[in-house]
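Student: Could you take me through one part of this protein in close detail? I'd like to hear how it sits against its surroundings.

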Amino acid sequence: MEAHLNRISLICSVNRALWEEVGPSLRVVAAKDDEGIIRLRFFIDGEPSQEDLESASSAAAEVIADFPEHELDDKVVRLDAPERVQVTADWQIVFMRREPG
């Protein structure tokens with residue numbers, strides 16, 4: 001049986017999972033439920049450090065623990081400022097840091 005979760009549950013889960021995991025290079029976190037697969041993207045400014053990778057992994061683990069009937073697809077993506085983060089409308093922006101301009 002394919003599990004579908006509501007958008008608010010996913011946003012709340014990701015938001016909670018980010019507590020104490022947001023470092024200075026994290027620009028955006030986007031999430032979506034894609035037919036039973038929770039997709040998470042962590043956009044990092046600069047080369048991701050080991051700490052960035054560990055924080056993303058920890059947050060992703062917290063999210064999937066909330067939805068054990070789902071699969072997880074998480075990626076850390078390097079996207080240097082000032083290049084804009086662009087995601088399609090089916091993605092939910094859960095975190096976005098303040099940037100000039």
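Tutor: Let's look at helix H1 and what it touches. Keep in mind that this is a predicted model, where local features need pLDDT of at least 70, side-chain atom pairs count only at pLDDT 80 or more, and totals for chains, interfaces and linings use all residues. Residues are numbered from 1 along each chain as its sequence is written, and side-chain values use heavy atoms, with hydrogens and water left out.

H1 covers residues 7–17, and its buried residues are Leu-10, Ser-13, Val-14 and Ala-17 (buried means under 20% relative accessible area, exposed over 50%, partly exposed in between, with a 1.4 Å probe and protein chains only). Look down the axis of H1 and these buried residues fall within an arc of 95 degrees, so they line one face of the helix; the arc is taken from the directions from the helix axis to the C-beta atoms. Helices (H or I, at least four residues) and strands (E, at least two) are DSSP runs, numbered from the N terminus. The buried residues of H1 pack against strands E1 (26–34), E2 (37–44) and E4 (92–96), plus helix H2 (50–66), contact meaning heavy atoms within 4.5 Å.

At the N-terminal end, Asn-6 caps H1, with a side-chain oxygen 3.0 Å from the backbone nitrogen of Ile-8.

Then there's Arg-16, which makes a salt bridge with Glu-62, closest N and O atoms 3.1 Å apart (a side-chain nitrogen of Lys or Arg within 4 Å of a carboxyl oxygen of Asp or Glu). Arg-16 lies in H1 and Glu-62 in H2, so the pair ties together parts 46 residues apart in sequence. Arg-16 is partly exposed at 27% relative accessibility, and Glu-62 is partly exposed at 38%.

Methods
Polar contact = N/O pair within 3.5 Å; in protein donor to acceptor, adjacent residues only side chain to side chain.
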